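Let's walk through this one together, asking at each step how a label was earned.

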Amino acid sequence: MFERLKAKLKKFTEKVESIVRKKEEQARAEVVEETAEETPKIAEKAEKTQETVREEEKAVELPATAAVSALEEREAAPPAVEKKRKEEKVEEKKVEEARKAEVGVKRKLGVKEKLKAVFKLEAFLDERDLDAALSDFEEDLLESDVALPVAEAIISNVKEALIGKRRKIGENVSKIVLEALKEALLNVFPEGFDFEEFVRVREKPVKIVFVGVNGTGKTTTIAKIAYFLKERGFSVVLASADTYRTGAVEQLEKHADALNIKVIKHRYGADPAAVVYDAVKYAEAHKKDVVLADTAGRMHTNVNLMEQLRKICRVTRPDLMIFVDEAIAGNDAVERARIFDEYVGIDASILTKADMDVKGGSAISIAYITSKPILFLGTGQKYGDLVKFDPKEFVERILA
Ligand SMILES: Nc1nc2c(ncn2[C@@H]2O[C@H](COP(=O)(O)OP(=O)(O)OP(=O)(O)O)[C@@H](O)[C@H]2O)c(=O)[nH]1
Ligand SMILES: [Mg+2]
């Protein structure tokens with residue numbers, strides 16, 4: 001699942017890593033060069049200090065002959081010798097201070113130099129460094145079924161996270177890029193949504209209507225959700241509101257039998273809003289927790305059929321209107337989600353056939369375009385093939 005998106009994200013991470021490495025090598029080379037330039041200056045300063053010290057040392061140094069005569073002098077005229085001794089002490093002090101000063105100069109330059117080097121090595125990416133990599137990355141996202149506005153949003157998030165960022169010495173580059181990508185991707189998802197918790201706390205019966213174009217997996221998904229809810233202790237009733245397609249009622253009944261759940265149905269051609277209404281009345285009377293309503297697949301461009309969905313909304317006021325489409329439909333699914341949302345105001349989406357989706361961008365795109373959460377991914381044809389969709393887990397998975 002989602003191999004292409006995964007591979008493209010990896011490719012981008014590696015590219016940025018190599019850009020960072022190159023920049024750091026350059027910075028290191030510059031630092032080495034500058035240090036080499038600075039070294040003679042430091043040496044010169046140190047040399048000067050040494051000279052001063054030496055001269056001062058010379059001044060206090062007493063040659064052997066002078067020492068003898070000094071001794072004689074001391075004997076002959078003690079006060080003069082005493083004076084000289086005092087002078088000698090003053091000189092010694094001067095020499096000591098000069099030495100300290102020299103060490104001080106050396107230490108000061110050392111710290112400054114070091115800071116400069118560290119700063120340079122920490123300097124990170126600017127916009128020009130990333131331009132080419134980002135434009136390739138945008139193309140790769142589009143190829144992975146990420147819709148254009150979503151790809152643009154991701155790129156802008158990545159830019160914000162990476163440009164001007166400083167890497168501390170020793171910090172792992174790929175970790176920085178991965179964190180930036182994680183943040184960029186998570187930011188395009190709306191807040192997560194806990195379906196089970198919603199059903200638990202909502203006033204009963206919770207009314208859920210499933211909509212989408214033909215053959216995307218609505219009926220199968222309803223059966224999967226019914227199974228999911230039953231497993232968690234909720235009672236469920238199904239509304240067979242696809243009164244349009246031959247065989248639709250029987251298809252739902254077959255699932256209901258397998259799961260041992262009641263189905264409310266009318267004859268073919270009946271008003272779907274009336275079927276959902278009846279199912280809600282049944283649930284109220286029999287204290288059922290949830291009503292799951294199947295509807296006929298319809299093209300989002302068919303105005304009459306879209307109006308029919310509006311009627312279901314008006315009559316039954318669903319708690320959740322769930323849009324179902326195939327992950328493999330890519331940008332078509334995104335466009336359909338947008339139009340269904342415009343018509344009936346969807347609350348969430350479920351993406352089916354994720355098990356067949358190698359690209360992986362649909363979930364991000366639909367969530368971003370509709371600003372509504374993805375609740376589940378359908379991952380096969382069995383009742384248990386329904387995976388709770390969590391943006392964090394999804395992002396971790398495609399960045400793994
Ligand atoms: N591989 C795979 N197949 C799925 C999944 N969900 C549904 N299908 C298959 O998709 C086909 C269509 O599923 P339906 O549930 O009939 O789709 P629908 O949206 O109700 O179709 P209409 O009622 O005709 O609009 C069936 O063969 C399902 O078994 C899934 O998650 N993975
Ligand atoms: Mg169906």
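Q: Which residues in the largest nonpolar core touch the most other members?
A: First, a heads-up: this is a predicted model. The core has 74 residues, and F137, I154, V158, I364 and F394 touch the most other members. Helix α5 (residues 148-162) chips in the largest share, eight residues. The core also draws at least three residues from each of domain 1 (3-21 + 124-186) and domain 3 (195-390).

Q: What makes a set of residues a nonpolar core?
A: The members have to be buried residues of the listed kinds, Val and Phe among them, joined through side-chain atoms within 4.5 Å. A second, separate core meets that test too: it has 30 residues, including L252, L259, V290 and F376.

Q: Which residues is V158 in contact with, leaving aside its neighbours within four places in sequence?
A: They are F12, L134, F137, L181 and A184. Contact here takes heavy atoms within 4.5 Å.

Q: Why does R336 count as buried?
A: Buried means under 20% relative accessible area. R336 comes in at 12% relative accessibility, so it counts as buried. You'll find R336 in helix α12 (residues 331-344).

Q: What makes the pairing of R336 and D325 a polar contact?
A: The cut-off for a pair of N or O atoms is 3.5 Å, and the side chains of R336 and D325 are joined at 2.7 Å. Beyond its neighbours within four places in sequence, R336 is in contact with V213, T216, H300, F323, D325 and A329.

Q: Which residues are the closest to ligand 1?
A: Of the 19 residues that surround ligand 1, the closest are G217, K218, T219, T220 and D355. Helix α8 (residues 218-231) gives the largest share of that shell, four residues.

Q: How do you know that side chains of the protein make polar contacts with ligand 1?
A: Set the distances against the 3.5 Å cut-off for N or O atoms. An oxygen atom of ligand 1 sits 2.8 Å from a side-chain N or O atom of T219. For T220, a polar side-chain atom is 2.5 Å from a ligand 1 oxygen, and for Q381 the distance from a side-chain N or O atom to a ligand 1 oxygen is 3.2 Å. Each pair is within 3.5 Å, so they count as polar contacts. As for cover, ligand 1 taken alone exposes 650 Å², and the protein buries 83% of that.

Q: How many helices and strands are there in the protein?
A: There are 14 helices and eight strands. Buried residues make up 44% of the 400 residues.

How values were computed: Residues are numbered from 1 along each chain as its sequence is written. Chains are lettered from A and ligands numbered from 1 in the order in which they are written. This is a predicted model: local features need pLDDT of at least 70, side-chain atom pairs count only at pLDDT 80 or more; totals for chains, interfaces and linings use all residues. Side-chain values use heavy atoms; hydrogens and water are left out. Buried means under 20% relative accessible area, exposed over 50%, partly exposed in between (1.4 Å probe, protein chains only). Helices (H or I, at least four residues) and strands (E, at least two) are DSSP runs, numbered from the N terminus. Domain bounds come from an automatic or database domain assignment. A residue is near a molecule or strand if one of its heavy atoms lies within 4 Å of it. A polar contact is a pair of N or O atoms within 3.5 Å; within protein, one must be able to donate a hydrogen and the other to accept it, and residues adjacent in sequence count only if both atoms are side-chain atoms. Accessible areas come from the Shrake-Rupley method with a 1.4 Å probe; for residues, only the protein chains shown count as cover.
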